[in-house]
Amino acid sequence: MNYKQREAWILERHLFWCERIEQHGLRSHGEHFESGLRSQRPDVALDSNLRSWAGQFHRRAKTCTYAVLYAFKLGNAYDETIAHEVCHAYQRYYLRGCKSHGDMFFYLLRVVCGFDGAKRTHADWDRGVLTAIKLSYDIVKLKGSE
Ligand SMILES: [Zn+2]
């Protein structure tokens, strides 16, 4: 997958995980809950710079921002990062005031999204892959790759 295709893939997977969680809300809590969940659906932003984070959820802007270079390096394994950020967007609607990486969050990521063994927090992912990106890629070339 080239860079542009990877960007398109991120947008597609972002929507996929949003719909997955909204559908789960509909099945487990009914239509009223689902429409509330829908109001939490996050916007998406792509960041092409070399970042110290793979993905971020900005609560006030209600936006998931994805650092595309990580997706480019990780390939389909980056899907977990996408699901991770999307879970952040919805978790507080399920349980007000819950911890950012608490039980509610891992319920959504492991049970609803199916990342069984997910225990990664931002730092684990980010540091390792960031090092790999720095070592193995010429960023300018990468961005220009077709
Ligand atoms: Zn997180």
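## Packing of helices H1 and H2

In this predicted model, helix H1 passes helix H2 in a right-handed crossing. The contact draws on Ile21, Glu22, Gly25, Leu26 and His29 from H1, and on Glu31, Phe33, Glu34, Leu37 and Arg38 from H2. By character, the residues of this contact comprise four nonpolar, two polar and four charged.

H1 spans residues 3-29 and H2 spans residues 31-38; their axes are 7 Å apart and the helices pack at an angle of about 155 degrees. H1 is therefore roughly antiparallel to H2, since angles over 145 degrees count as roughly antiparallel.

## Glutamate 19 in helix H1

Helix H1 also contains glutamate 19. The C-alpha atom of this residue is separated by 8.8 Å from that of arginine 38, although the two residues are 19 positions apart along the chain. Arginine 38 is one of the H2 residues that make the contact with H1.

Is glutamate 19 buried or exposed? It falls in between: glutamate 19 is partly exposed, because 13 other C-beta atoms lie within 10 Å, whereas a buried residue needs 20 or more and an exposed one has 12 or fewer.

## Overall architecture

The protein has seven helices and three strands. Read from the N terminus, the order of elements is α-α-β-β-β-α-α-α-α-α. The radius of gyration is 16 Å, close to the 15 Å that the globule rule gives for 146 residues, so the protein is as compact as a globular protein of that length.

Along the principal axes, the C-alpha atoms fill a box of roughly 50 × 25 × 25 Å. Of the 146 residues in the protein, 28% are buried. Among contacts with a separation of 6 or more, 55% join residues that are 24 or more positions apart.

## Lysine 62 between strands E2 and E3

Strand E2 (55-58) and strand E3 (63-67) are linked by a loop in which lysine 62 lies. What is notable about the backbone of this residue concerns phi. Most residues other than glycine have a negative phi. Lysine 62, by contrast, is a residue other than glycine with a positive value, near 50 degrees.

In its surroundings, lysine 62 has 13 C-beta neighbours inside 10 Å, and therefore counts as partly exposed.

Definitions and conventions:
Residues numbered from 1 in each chain as written. Predicted model: local features only at pLDDT ≥ 70, side-chain atom pairs only at ≥ 80, totals over all residues. Helix = DSSP H or I, 4+ residues; strand = E, 2+ residues; numbered from the N terminus. Rg over C-alpha atoms; globule rule 2.2 N^0.38 Å. Contact = placed C-beta atoms within 7 Å. Axes fitted to C-alpha atoms, helices over the stretch in contact; angles between N-to-C directions. Parallel < 35°, antiparallel > 145°, perpendicular 65-115°, else oblique. Left-handed = near helix turned anticlockwise from the far one by under 90°. Nonpolar A, V, L, I, M, F, W, Y, C, P; charged D, E, K, R; others polar.
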